[in-house]
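Colleague: Could you walk me through this one while I have it open? I'd like to start with the packing and then jump around a bit.

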Amino acid sequence: MSFILYFALILIIPIWAQSKVKSTYKKYSKVAISSSMSGAEVARKILDDNGLFNVAVEEVRGQLSDHYDPRTKVVRLSTDNFHGRSAAGAAVAAHEVGHAIQDAQDYAFLRFRSALVPVASFGSNISIFLIIGGALLQMTGLIFAGIVFFAFAVLFQLVTLPVEFDASNRAMTQLVSTGVIRNEEERPTKKVLNAAAMTYVAGALVALAELLRFIFMFFGMGEE
């Protein structure tokens, strides 16, 4: 039973989350907003209204490849969202600008996440090799080292949650206060943001489940 639950957690939940965000995005990318603003225009307006004239808005290839780069101070929007004038495009653009506002206001969780990037990246790459090597060689020390490194990767995933939820909350506030969307357009916009947030929740759950499995493996070997 525990194996079935674990299998469902690491496979079914992420697949469901990805399917949910794609279907929601597809649905509301066809729903126009009353302001008729493109994603690029939405991003630029919110940035300017918050005094972030130094942050650029650029088009980037790919679908849902939208992101904010704190190093270069650039909001990058995928082609559909950059040019599109939909509820989905406005939601995504505002969300990425939310990260720019976080950066400008020195949001603590964003700073913490940025600080974790190097060690989390290294940990996610090296941990599995240490854990597998430790299991094959029956060396608990290697497994423990792998668990420690993997824990940093999990911590990164967990810290990402408040960063993303806060960016979405800022997005909704800005979309309404700047007049980009009307009251009746809040519901579809929230659906896009909520669906996207579920992918981060799913990722954090999977990472946490993997960490717990490795910990149980470590203690299991210690009892042998």
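Colleague: At what angle do helix α4 and helix α6 pack?

Modeller: Bear in mind that this is a predicted model. In it, helix α4 (residues 87–104) packs against helix α6 (residues 140–177) at an angle of about 115°, and their axes are 7 Å apart. That makes α4 roughly perpendicular to α6, and α4 passes α6 in a right-handed crossing.

Colleague: Which residues of α4 and α6 make the contact?

Modeller: On the α4 side the contact is made by A90, A91, A94, H95, G98, H99, I101 and Q102, while α6 contributes V163, E164, D166, A167, S168, R170, A171, Q174 and L175. Sorted by class, the contact of α4 with α6 has eight nonpolar, six polar and three charged residues.

Colleague: E164 caught my eye there; is E164 buried or exposed?

Modeller: E164, which lies in helix α6, is buried, with a relative accessible area of 6%.

Colleague: And what does E164 touch?

Modeller: Leaving aside residues up to four places away in sequence, E164 touches H95, H99, R113 and Y200. H95 and H99 also appear on the α4 side of the contact with α6.

Colleague: Switching topic, what is the strand order in the sheet?

Modeller: The sheet is an open one of three strands in the order β1-β3-β2, with mixed pairing. β1 (56–60) and β2 (67–69) stand at the edges, and each has a single partner strand, so one side of each is left without a neighbour in the sheet. Ignoring direction, neighbouring strands of this sheet are turned by 30° against each other on average.

Colleague: In which sense do β1 and β3 pair?

Modeller: β1 and strand β3 (residues 74–78) pair in the parallel sense, over five bridges. For E58, the bridge partner in β3 is R76.

Colleague: Which helix packs on the sheet?

Modeller: Helix α2 (residues 39–49) packs on the sheet, where α2 touches β1 and β3, and the direction of α2 makes about 160° with that of β1.

Colleague: Back to helices, then: how do the axes of α2 and α4 cross?

Modeller: The axes of α2 and α4 come within 8 Å and cross at roughly 35°, with α2 passing α4 in a right-handed crossing. The contact is made by G39, V42, A43, I46 and L47 of α2 together with G89, A90, A93, A94, V97, A100 and I101 of α4.

Colleague: What classes of residue does the contact of α2 with α4 have?

Modeller: By class, that contact has 10 nonpolar and two polar residues, and no charged residues, whereas the contact of α4 with α6 has three charged ones.

Notes. Residues numbered from 1 in each chain as written. Predicted model: local features only at pLDDT ≥ 70, side-chain atom pairs only at ≥ 80, totals over all residues. Heavy atoms only, no water. Axes fitted to C-alpha atoms, helices over the stretch in contact; angles between N-to-C directions. Helix = DSSP H or I, 4+ residues; strand = E, 2+ residues; numbered from the N terminus. Parallel < 35°, antiparallel > 145°, perpendicular 65-115°, else oblique. Left-handed = near helix turned anticlockwise from the far one by under 90°. Contact = heavy atoms within 4.5 Å. Nonpolar A, V, L, I, M, F, W, Y, C, P; charged D, E, K, R; others polar. Pairing = 2+ DSSP bridges. Buried < 20%, exposed > 50% of the residue type's maximum accessible area, 1.4 Å probe, protein only.
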